[in-house]
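Biologist: Can you walk me through this one? I'd like to hear how each label gets earned.

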Amino acid sequence: MAVGRVLGPFGLKGELKVQSLTDNPKRFAPRSKLWLGQQHVTVATAREAQGYVYLTLKGFPDRSAVESFRHALIQVPESDLPPLPAGEFYRFQLVGLSVFDREGASLGTIEEVLETGANLVYRVRSADGKETLIPALEDVVVSIDLESKRMVVDPPGWR
C-alpha cells in the first residue's frame, strides 16, 4: 500500500522531500521499514515542514545516492497495516468492489476513491462504460462486504 510519494531529493545530504499519502505520521518514524520502488529501505531521520515529510535513509548519504528515488512511491506491505475499527476500510480495499442499489441492480465497479475535501467519493464504472460518482456518506452507503466484494448504496436522489 502506498503511504507516500517522493517528490525529489532535497539539499545535498541525501534528504528526500515526500508527499505523505497516509493518516499515520508514525509511518515515517526513524527505523521504519519501507519500500521505495523495488528497494527495501530503513528511515534514518524524519521531519515535517510546510505540509511535507523530509526523510533520510540508512545507507544513502548524499543527493546522488537518492536521486533514483525521484517520483517513487513509498509503500508498506498490507500485512503491516494496523487493523481498523469495525465499519472503517482502507481505500485500496474498496477499489474493485461491485456496487449495487437496494433493489440489486448493478451500478458497476469502484475504480477510484476520490478526496473532495468534504467527503470521499467513489468513482464507479458500469459494464457499458458509464461513470457514476457516489458520495461516501453514511446515509448513502447501506453496506460494505469485503468478503463478497460488494457494496450496496441508496443515494437520496434515487429514492
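Modeller: Start with Ile74: not counting residues up to four places away in sequence, its contacts include Met1, Val18, Phe28, Leu36 and Leu55. This is a predicted model, where local features need pLDDT of at least 70, side-chain atom pairs count only at pLDDT 80 or more, and totals for chains, interfaces and linings use all residues. Residues are numbered from 1 along each chain as its sequence is written, and side-chain values use heavy atoms, with hydrogens and water left out.

Biologist: What makes Leu55 something that Ile74 touches?

Modeller: Contact means heavy atoms within 4.5 Å, and Leu55 is on Ile74's list.

Biologist: Why is strand 5 called mostly covered?

Modeller: Buried means under 20% relative accessible area (exposed is over 50%, partly exposed in between; 1.4 Å probe, protein chains only). In strand 5, residues 52-57, 5 of the 6 residues are buried. Strands are DSSP runs of E, at least two residues, numbered from the N terminus.

Biologist: How do you know that strand 4 and strand 5 pair?

Modeller: Pairing takes at least two DSSP bridges between two strands. Here 6 bridges join them, running antiparallel, so by that definition they pair. One of the partnerships is Thr45 with Thr56.

Biologist: And what joins strand 2 to strand 5?

Modeller: 3 bridges, also antiparallel; Leu16 is partnered with Leu55.

Biologist: What makes a set of residues a nonpolar core?

Modeller: Its members are buried Ala, Val, Leu, Ile, Met, Phe, Trp, Tyr and Cys residues joined through side-chain atoms within 4.5 Å. The largest one has 19 residues, and Ile74 is among those touching the most other members. Strand 5 gives the most to this core, with 3 residues.

Conventions: Helix = DSSP H or I, 4+ residues; strand = E, 2+ residues; numbered from the N terminus.
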